[in-house]
Amino acid sequence: MAPRGELHARVSRSCGNCRAVKRRCDQQLPRCGQCIRTREECSGYRDEWDLVFRNQTDHTINRSRESGVKRRDKINFTRNGNTSPPRASSLSPSHDAMGVNYFVHNFVTNGQPSSRGYLNYIPAVYATQSRHCPMLMASMAAVGLITLANTTRQPQLVKHAHAKYAEAISQVNTALASPTESIKDSTLMSVISLGLFEHVSDFASWARHVRGAAALVVARGKSQFSTGAAFLMFNQVRADLVGVCIHGGQPFPADMCELQEEASTHMDTMNVVWRLGVLATQCARFLWSVMNNTGEIPWPALLEQATGLQGELQYIFGILSVESGYTTTRKSGGDPAVFYNEQLGSYMNCWAIRVWNNTRILQIKICDSIRYIFNQLLIAGLDPVSQTRMELKLLDILEILSTLGNDIIATLPQALGATSSASEIDPAVGISSPINGSAGYMMIWSLYVAGKSSAMENDPRKWIIQRLREFGHAGGITLALQLVEDLIKIDQCADREPLIPILGPFTR
């Protein structure tokens with residue numbers, strides 16, 4: 001990874017308005033204090049990542065592949081030439097750079113400097129702390145190397161990835177033992193980054209790591225919300241924890257809810273991403289109460305809660321349509337393994353895909369919970385008028401679920417990089433292309449929830465099962481193979497009893 005002649009110290013990080021009039025900018029979030037004072041609409045800040053790095057990923061991957069070929073040739077030569085096999089070399093700086101660059105390109109910028117990646121807060125912390133934080137570099141290198149090894153089938157990189165992972169874990173443990181180091185942004189960012197390493201292994205490992213990251217966020221306390229990066233990292237941990245709670249059948253922790261309340265006093269609570277995060281915690285708590293309800297909460301009361309959450313999610317959809325709208329078109333000529341029924345969803349960037357799909361996941365879970373509650377009410381018995389009203393509502397729910405599942409499936413082509421624009425398809429990109437490292441992280445939960453939906457038909461569910469298998473085998477994401485096993489059981493049940501409402505963790 002090549003810095004642009006080191007960090008650009010002379011490049012202003014002020015907002016657009018302050019740069020234009022050459023005044024001092026306080027760089028507050030979400031809006032500059034100077035703009036608030038002068039009642040101007042703040043034009044926002046520059047992309048930190050574009051101020052720090054330039055992309056050399058293609059060169060890095062090619063160099064990695066060439067070195068792999070040379071290494072295999074050397075091994076073959078030593079075996080045939082009666083020469084002692086070479087000793088395993090230690091992790092070289094080139095491997096460090098290779099891993100960090102691949103991590104950055106796939107998990108931060110997603111190959112597009114103008115787009116926001118999944119971990120879009122990293123540049124802000126990196127620019128101020130990376131030179132003094134080898135732990136952060138080691139964690140990024142570990143994730144980048146394991147992803148590169150899996151997606152480009154270079155097993156010789158695996159040992160280097162595990163070496164960096166062990167190094168990063170050791171440094172994290174040392175940092176956590178220090179009262180000053182443990183609360184730094186770079187420590188939390190390292191922990192979050194290492195979560196991606198666990199994400200490719202299995203659900204239990206990833207869930208433990210997420211709960212550990214949440215414990216660290218709680219330990220940082222209310223004073224942590226002093227930087228923009230801190231809010232973004234909190235959002236990341238909160239989103240991961242919501243996923244663990246929903247898919248693992250656990251309640252969302254009260255201490256995280258308290259921190260959420262504190263964070264809301266420091267930012268624009270009307271921001272759609274923030275509102276979605278708050279709503280996600282409410283959905284997690286609600287789903288846990290439904291799964292564990294033994295009659296202490298009347299089912300009509302839970303149905304009222306579910307209907308309210310559904311309405312809130314519909315409102316979020318409306319805001320997203322205005323701020324980050326998308327189009328769905330039919331495109332011929334694409335790989336059927338990528339384009340299901342030739343459907344293509346075109347979004348502003350991969351960040352928009354993630355926000356939309358996270359909203360869809362919540363809506364699917366709430367709609368399935370409504371179907372589950374309907375079943376409980378029907379068992380208890382209803383008068384004819386109420387039953388008719390419920391059946392009509394059920395038809396609406398099924399239509400919503402079907403649309404949500406199809407929309408998630410249609411996001412896969414862009415997530416995989418199979419489209420360079422809304423009108424151009426790259427036939428060389430398939431489900432096993434190297435970009436799967438980041439696409440798999442972003443897509444497997446969305447596809448899984450869509451496939452698990454009680455309204456998902458057999459054919460698209462089988463297509464999703466195959467896609468997850470390929471993420472598992474070609475991308476090295478073991479978690480995807482675990483999710484497949486759960487979907488296969490659901491698919492077998494659906495063959496016998498179609499449209500059975502499914503609610504609960506995938507491990508059940």
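In this predicted model, the cavity search returns five cavities of 30 Å³ or more. The largest of them holds about 660 Å³ of space, and the second largest holds about 100 Å³. Both are worth a closer look, beginning with the largest.

A total of 30 residues line the largest cavity, and those that lie nearest its centre are Gln-236, Ala-239, Asp-240, Arg-354 and Asn-358. Four elements give two or more residues to this lining: helix H11 (228-248), helix H13 (272-291), helix H15 (350-380) and H18. Among these, H11 gives the most, with 10 residues. Sorted by class, the lining of the largest cavity comprises 17 nonpolar, 10 polar and three charged residues.

The second largest cavity, at about 100 Å³, is lined by 13 residues, and Ile-192, Gly-195, Trp-206, Val-210 and Asp-240 are the closest to its centre. Helix H9 (185-199), H10 and H11 each give two or more residues to the lining of this second cavity. Its residues divide by class into nine nonpolar, three polar and one charged. Readers following the residue names will meet Asp-240 twice: Asp-240 is listed among the residues nearest the centre of the largest cavity and also among those closest to the centre of the second largest. Helix H11 likewise appears in both accounts, as a contributor to the lining of the largest cavity and to that of the second largest.

Two individual residues help to fill in the picture around these helices. Helix H10, one of the elements lining the second largest cavity, spans residues 203-220 and includes Val-218. Val-218 counts as partly exposed because its relative accessibility is 28%, which falls between the 20% and 50% cut-offs. Beyond its neighbours within four places in sequence, Val-218 is in contact with Asp-255, Met-256 and Leu-259. For the pair Val-218 and Asp-255, the separation is 37 residues in sequence and 6.9 Å in space, taken from C-alpha to C-alpha.

The other residue is Ser-453, located in the loop between helix H18 (436-452) and helix H19 (458-475). H18 is also one of the elements that give two or more residues to the lining of the largest cavity. With a relative accessible area of 2%, Ser-453 is buried, since this value is under the 20% limit. Once residues up to four places away in sequence are set aside, Ser-453 touches Ile-364, Asp-368, Leu-401 and Arg-461.

Notes
Residues are numbered from 1 along each chain as its sequence is written. This is a predicted model: local features need pLDDT of at least 70, side-chain atom pairs count only at pLDDT 80 or more; totals for chains, interfaces and linings use all residues. Side-chain values use heavy atoms; hydrogens and water are left out. Buried means under 20% relative accessible area, exposed over 50%, partly exposed in between (1.4 Å probe, protein chains only). Contact means heavy atoms within 4.5 Å. On a 1 Å grid over the protein atoms alone, a cavity is a set of points where a 1.4 Å probe fits but cannot get out, and a pocket is an open set with protein on both sides within 12 Å along at least five of seven lines; lining residues have an atom within 4 Å of a point. Grid points are joined across faces, edges and corners, and a volume is the space filled by probe spheres set on the points. Ala, Val, Leu, Ile, Met, Phe, Trp, Tyr, Cys and Pro count as nonpolar, Asp, Glu, Lys and Arg as charged, and the others, Gly among them, as polar.
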